[in-house]
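Student: Could you take me through one part of this protein slowly? I'd like a close look at the place where the two domains meet, and at what sits around it.

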Amino acid sequence: MAVQTVATDTDTDLSLGPAAALSCRECGERFPLGPVFACEACFGPLEIAYDLPGGDPEELRKRIEAGPDSIWRYAPLLPVPADVADKPNLNPGFTRLVRADNLARELGVTGGLYVKDDSGNPTHSFKDRVVAIAVEAARAFGFTTLSCSSTGNLAGAVGAAAARAGLRSCVFIPHDLEQGKVVMAAVYGGDLVGIEGTYDDVNRFCSELIGDPIGEGWGFVNVNLRPYYAEGSKTLAYEICEQLGWRLPDQLVVPIASGSQLTKIDKGLRELIALGLVEDRPYKIFGAQAEGCSPVARAFKDGHDVVRPVKPDTIAKSLAIGNPADGPYVLDIARRTGGAVEDVNDGEIVDAIKLLARTEGVFAETAGGVTVGVTRKLIEAGVLDPTLTTVVLNTGDGLKTLDAVAPTTGPSAIIRPNLDSFREAGLA
Ligand SMILES: *Cc1c(COP(=O)(O)O)cnc(C)c1O
């Protein structure tokens, strides 16, 4: 595995807030902060270790509440410089937590059902959170080009963030994505490269690029900046708890692509408990995949620890990662918290998108159809407890995946502009 070391003597003097070091998720070995992502000792993935603020939780809570309406209110818990909010960035996050009473009635949930709606982010997906953190790392390490391998949403988020930060961007996607995602990835003026292959081919290509002189000075947000990037997902956990009145939900339903988001939501929840910001009580995390790409759900159901890669074939393209890097960690978390990993087929995904739209006025992309569909399936199976407080994530905007619902959605009638014509249509 290629390990890039650009920053050298500045490693120990980086102003990335409370970030103290990188630590290996497998062997625990610690390394100085830098643009590295794999352990030199065991090749395990690295993550950020913190010196988190100690002291009075009430004071920290007040400080957060007085902060900006974006992820930067949590800057004291993120690997970013203290003045991060003053730099040109997209200020993502603090998206709405929708109390979904209509959907709850439909699904028979009595304990309180919420949709965390990340379609409200600047480029209309959760990816703005992770990219915002990666940009700060890129700045700290002196990278001049921002890049990524993407299933679609990430490419748009990187393009937009780079444009705003004044960096060059060059992003890579499978060539056959939805038009909404391709256009959004290109419109910000950076370079967009379509690759003839799956996301896993794109990812492999990017790893090659990093090891090549061409990739020098390039920050791949989800490869060599991955430890920083991944931390952005913690903000989903922070926001959900703050919006519930500094309380842990009982159950969360989270989509899985690489599995990074799910593992960092768990990390965020554990941090809030450790800091005394929420009361420590049990929570369960449920993972959601599309049947056409469900290697983690398969492993969970089979009781395996190893996730066997698959070749994706699903309309939920943003989740179509056949070889999810964080798959084994997701299995650990689902099992440790008493959750589960479940999948739904393409028809169920479309039904769930329409169900959420019809009941709550929230138009989700296919990934949101996956989480809502899995929620319904798990309730019907008696796995998810309808008497408990449940938060379902919608991580993207339905306008990006119109193709999924367009064939079965449209006008009730097309009429001439007069009353007779309207009467004839049977809608009066
Ligand atoms: C990227 C993405 C996710 C989750 O990705 P992970 O790789 O599991 O962190 C979820 N939903 C949408 C819409 C995404 O684009």
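Tutor: Let's start with the domains, then go through the contact between them and a few spots elsewhere.

One thing first: this is a predicted model, in which local features need pLDDT of at least 70 and side-chain atom pairs count only at pLDDT 80 or more, while totals for chains, interfaces and linings use all residues. Residues are numbered from 1 along each chain as its sequence is written, and side-chain values use heavy atoms, with hydrogens and water left out.

The domain assignment splits the protein chain into domain 1 (19-54 + 125-229) and domain 2 (97-124 + 233-408); bounds like these come from an automatic or database domain assignment. Their C-alpha centres are 23 Å apart. Domain 1 puts 30 residues into the contact and domain 2 puts in 36 residues, where contact means heavy atoms within 4.5 Å. Between them the domains bury about 2,700 Å², with 46% of it on carbon and sulfur atoms. (Buried area is the accessible area, taken with a 1.4 Å probe, that two parts lose on being put together, summed over both.) On the domain 1 side, Arg25, Phe126 and Arg129 lose the most area to domain 2, together 24% of what that side buries.

Now for the charges. Six salt bridges are counted between domain 1 and domain 2, a salt bridge being a side-chain nitrogen of Lys or Arg within 4 Å of a carboxyl oxygen of Asp or Glu. The rule for polar contacts finds 19 residue pairs across this interface, both residues at pLDDT 80 or more. (A polar contact is a pair of N or O atoms within 3.5 Å; within protein, one must be able to donate a hydrogen and the other to accept it, and residues adjacent in sequence count only if both atoms are side-chain atoms.)

Which elements does domain 1 bring to the contact? Those giving two or more residues are strand 3 (46-50), helix 3 (127-141), helix 4 (153-165), helix 5 (179-186), helix 6 (199-211) and helix 7 (226-231). Helices (H or I, at least four residues) and strands (E, at least two) are DSSP runs, numbered from the N terminus. Helix 4 gives the largest share of that side, four residues. Sorted by class, the side has 14 nonpolar, six polar and 10 charged residues; here Ala, Val, Leu, Ile, Met, Phe, Trp, Tyr, Cys and Pro count as nonpolar, Asp, Glu, Lys and Arg as charged, and the others, Gly among them, as polar.

Glu47 is a good residue to click on. It forms a salt bridge with Lys264, the closest N and O atoms being 2.7 Å apart. Glu47 also meets Arg25 in a salt bridge, at 4.0 Å from N to O. Glu47 lies in strand 3 and Arg25 in the loop between strand 1 (19-24) and strand 2 (30-31), so this pair ties together parts that are 22 residues apart in sequence. Both belong to a network of salt bridges that links Arg25, Glu47, Glu231, Lys234, Lys264, Lys267, Glu271 and Asp326.

Next, try Glu365, which forms a salt bridge with Lys181 at 3.7 Å between the closest N and O atoms. Glu365 sits in the loop between helix 12 (346-360) and helix 13 (366-380) and Lys181 in helix 5, so the pair ties together parts that are 184 residues apart in sequence. Glu365 counts as buried at 0% relative accessibility, and Lys181 does too at 1%. (Buried means under 20% relative accessible area, exposed over 50%, partly exposed in between, with a 1.4 Å probe and protein chains only.)

Lys234 from the network takes us to helix 8 (residues 234-243). Nine of the 10 residues of this helix are buried, so it is largely enclosed by the rest of the structure. Among them are Lys234, Ala237 and Cys241. After helix 8 comes Gly245, with a positive phi near 85°.

Finally, look at Leu269, in helix 9 (residues 260-274). Leu269 counts as buried, at 1% relative accessibility. Leaving aside its neighbours within four places in sequence, Leu269 is in contact with Ala237, Cys241, Leu248, Leu252, Tyr283 and Ile285.
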